[in-house]
Amino acid sequence: MTREEKLAVINGLTEQLNQYPHFYITNIESLNAEQTASLRRKCFENGIKLVVVKNTLLTKALERAEKAEAELVGVLEGSTSVMFTETGKAPAVVIKEFRKSCDKPVLKAAYVEGCVYVGDNQIETLCNIKSREELIGDIVSLLQSPAKNVISALQANAGQKIAGLVKALEERNN
């Protein structure tokens, strides 16, 4: 690879690191062509971009994107691929599902919601992370719950009682 080609790869990786809020660093070494194609297909279907990279070039791209945390750089050994995504838990779900038929990919590290997760044992944790939209939905439903209770109470027997009280007060004023 010439110096210009390396620079182009580093610039491309830096752009992707800045474009996507979440990424997973994995090892897909020893997958055969059929398994690799299947993994790429699953990634594409779930909005994940899978890229095989050289460790030194990824390290330089992480430095340029200001995401070169010690934990991330420390896992860059051996064969490395990066899964870029808009949804934080999508790659973890794909990895977990893909492992039902194969022992790869292995998670080296993940950068999700501004936090670094290191090690393959973090797959379950990453699968259970809620997205920003899911958290907002939970908060909205929690806020709506008391209002729904008041409305249902007014529509049920309590509504009749209030109407009776209002009628009694009107009669008393007359």
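**Notes on the predicted model: helix α3, the sheet and its aromatic cluster**

1. Starting with helix α3: its buried residues pack against α1 (3-19), β1, β2, α4 (70-74) and β3. Keep in mind while reading that this is a predicted model. The residues in question, within α3 (residues 55-64), are Asn-55, Leu-57, Leu-58, Thr-59, Ala-61 and Leu-62. If you follow the chain just past α3, have a look at Glu-66, which takes a positive phi of about 60°.

2. Now the sheet. It is an open one with 5 strands, in the order β2-β3-β1-β4-β5, and the pairing is antiparallel. At the edges sit β2 (48-53) and β5 (115-118), each of which pairs on one side only. On average, neighbouring strands here are turned by 15° against each other, direction ignored.

3. A closer look at one edge of the sheet. Strand β4 (residues 106-112) and β5 run antiparallel and are joined by 4 bridges. To check the register in the viewer, take Ala-109: its bridge partner in β5 is Val-118.

4. On to the aromatics. Searching the whole structure turns up 3 aromatic pairs. In one of them, Phe-23 and Phe-84 have ring centres 6.4 Å apart and planes at 50°, so I'd call this pair tilted. The two residues come from distant parts of the chain, 61 residues apart, with Phe-23 in strand β1 (residues 22-27) and Phe-84 in strand β3 (residues 80-85). Are these two buried or exposed? Phe-23 counts as buried because its relative accessibility is 1%, and Phe-84 is likewise buried, at 0%.

5. Phe-23 also pairs with Tyr-111. Their ring centres are 5.3 Å apart and the planes are at 15°; with the cut-off for stacking at under 30 degrees, this pair counts as stacked. Because Phe-23 lies in strand β1 and Tyr-111 in strand β4, the pair ties together parts that are 88 residues apart in sequence. Tyr-111 is buried too, with a relative accessible area of 13%.

6. Putting the rings together: Tyr-20, Phe-23, Phe-84 and Tyr-111 make up one aromatic cluster. Phe-23 takes part in both the tilted pair with Phe-84 and the stacked pair with Tyr-111. For orientation, the strand order of the sheet contains the run β3-β1-β4, and the residues to pick out there are Phe-84 in β3 and Phe-23 in β1, along with Tyr-111 in β4. Strands β1 and β3 are also among the elements that the buried residues of α3 pack against.

Definitions and conventions: Residues numbered from 1 in each chain as written. Predicted model: local features only at pLDDT ≥ 70, side-chain atom pairs only at ≥ 80, totals over all residues. Heavy atoms only, no water. Pairing = 2+ DSSP bridges. Axes fitted to C-alpha atoms, helices over the stretch in contact; angles between N-to-C directions. Phe/Tyr/Trp six-rings, centres within 6.5 Å; stacked < 30°, edge-to-face > 60°. Buried < 20%, exposed > 50% of the residue type's maximum accessible area, 1.4 Å probe, protein only. Contact = heavy atoms within 4.5 Å.
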